[in-house]
Amino acid sequence: MLSEADLQTTRIAMHYSISPQKNIIGDIGGLIAGFCEELVGSFYPRVVSKRANTVITELFNNAVENSIDPSSTITLEVQINGALLRIKMTNAARQEQFEKIKSHVDRINSTDIRRLMAETIHERRKLQLKGGLGLIRLALENKSRISVDYKEPLLIVESEIQLGGHL
Amino acid sequence: MRVLTYGDIMDGGTSVFTTVAKLDAPKLIVSFSGAIRVDNPYRFLSAYVSELEERLPSAQVNAIELDFTELNFCNSNGFYVIMDIVEIIYNVFSANVTVKRLREDDWQQETLPILLNVDEPDIGTRTTFEDFSEI
């Protein structure tokens, strides 16, 4: 009989490409995230599968909202291998968008993340702005290491979560 | 137990999130269940927030329970609604608050204390967290 330890060595890779981006209506990110949570949760502890759900939801919704080309392709890659959960999201974007996100990610990766979350929440609430917390949440809540790259015209946002402490 | 008011979010014709304020005198219980995924939760919950503001001041309360254990997901826009709800409760009453939350839920462990503003001494000293495992 397979043990929990055996199950938690399972390697899974998923790849979703959807185009044209303009056809993505409704909560498609939630649909994919929910499925991935169920699949990952078949092998890994709940804390890991819930992280997959949250990261996919945030990155997918960001990609759809910020894509500049309605005819382009949104791509999601999910990999888990027992040591690492890697989620990569690609969408069409401008160089300026990349630079803005890069600056945000650099700040997230080099500051007291809890303080940044608290300041950002209170500031945005005061100004009655929507959302704006996605990447900070991934870093604070999901212990995700975020990186960002740009290969014109594609913005690539990647999340890596080490599974060591949860298995 | 008396229901003071409730609010819900409808998506695709079904209720996906419910919050209920109940009075089990003298305890106020406010529960949150389902998932907040919609882009503008205020569209559904602003009436509930207003009703809380109107109805809570007349309630006799000496203990408060905030129950997040049935809340499966909350997007960033949902945070601001939760902040509005808990701020009303903390402002209206001076009673101690027990917060029930999920042990395995990252946002409830990391961000919920920020939404409750527990770094404020007046709030932190009367707030206790109870962690539960998801069934």
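**Exercise 1.** How many bridges join strand E2 of chain A to strand E3 of chain A, and do they run parallel or antiparallel?

*Solution.* Before counting, some housekeeping. Residues are numbered from 1 along each chain as its sequence is written, while chains are lettered from A and ligands numbered from 1 in the order in which they are written. This is a predicted model, so local features need pLDDT of at least 70 and side-chain atom pairs count only at pLDDT 80 or more, whereas totals for chains, interfaces and linings use all residues.

Step 1: find the strands. Helices (H or I, at least four residues) and strands (E, at least two) are DSSP runs, numbered from the N terminus. E2(A) covers residues 74-80 and E3(A) residues 84-92.

Step 2: count. Six bridges join E2(A) to E3(A), and the two run antiparallel. That makes them a pair, as two strands pair if DSSP finds at least two bridges between them. To check the register, take Thr75(A): its bridge partner in E3(A) is Thr90(A).

**Exercise 2.** Work out the strand order of the open sheet in chain A, then see what packs on it.

*Solution.* Step 1: the order of the five strands is E1-E2-E3-E5-E4, with antiparallel pairing.

Step 2: look at the edges. Strand E1 (12-18) and strand E4 (145-151) of chain A each have a single partner strand, so one side of each is left without a neighbour in the sheet.

Step 3: get the twist. Direction ignored, neighbouring strands are turned by 10 degrees against each other on average. (Axes are lines fitted to C-alpha atoms, for helices over the stretch in contact; angles run from 0 to 180 degrees between N-to-C directions.)

Step 4: add the helices. Helix H2 (residues 28-41) of chain A lies across E1 and E2 of chain A, at about 170 degrees to E1(A). H3(A) touches E2, E3 and strand E5 (154-162) of chain A, and its direction makes about 10 degrees with that of E3(A).

**Exercise 3.** Trace the route from E4 to E5 in chain B, and give its handedness.

*Solution.* Step 1: strand E4 (residues 63-74) and strand E5 (residues 96-102) of chain B run parallel, joined by five bridges. Here Ile64(B) stands opposite Val97(B).

Step 2: the chain goes from E4(B) through helix H2 (residues 76-92) of chain B to E5(B), a right-handed β-α-β crossover. Right-handed means that, with the strands pointing away from the viewer, the path from the first strand over the helix to the second runs clockwise.

Step 3: carry on to strand E6 (residues 127-132) of chain B, which runs parallel to E5(B) and is joined to it by six bridges. Arg101(B) stands opposite Asp131(B) there.

**Exercise 4.** Hunt down some backbone oddities in both chains.

*Solution.* Step 1: recall the baseline. Most residues other than glycine have a negative phi, and most peptide bonds are trans.

Step 2: check omega. The bond from Glu152(A) to Pro153(A) is cis, with omega near 5 degrees; Pro153(A) sits in the loop between E4 and E5 of chain A. Ala25(B) and Pro26(B) are also joined by a cis peptide bond, omega about 5 degrees.

Step 3: check phi. Lys143(A) has a positive phi near 55 degrees, and lies in the loop between H6 and E4 of chain A. Asn117(B) isn't a glycine either, yet its phi is about 70 degrees.

**Exercise 5.** How many residues of chain A are in contact with chain B?

*Solution.* Step 1: apply the contact test (C-beta atoms, placed from the backbone, within 7 Å). 20 residues of chain A are in contact with 14 residues of chain B.

Step 2: ask who contributes. H3(A) gives the most to the side of chain A that touches chain B, with five residues.

Methods: Contact = placed C-beta atoms within 7 Å.
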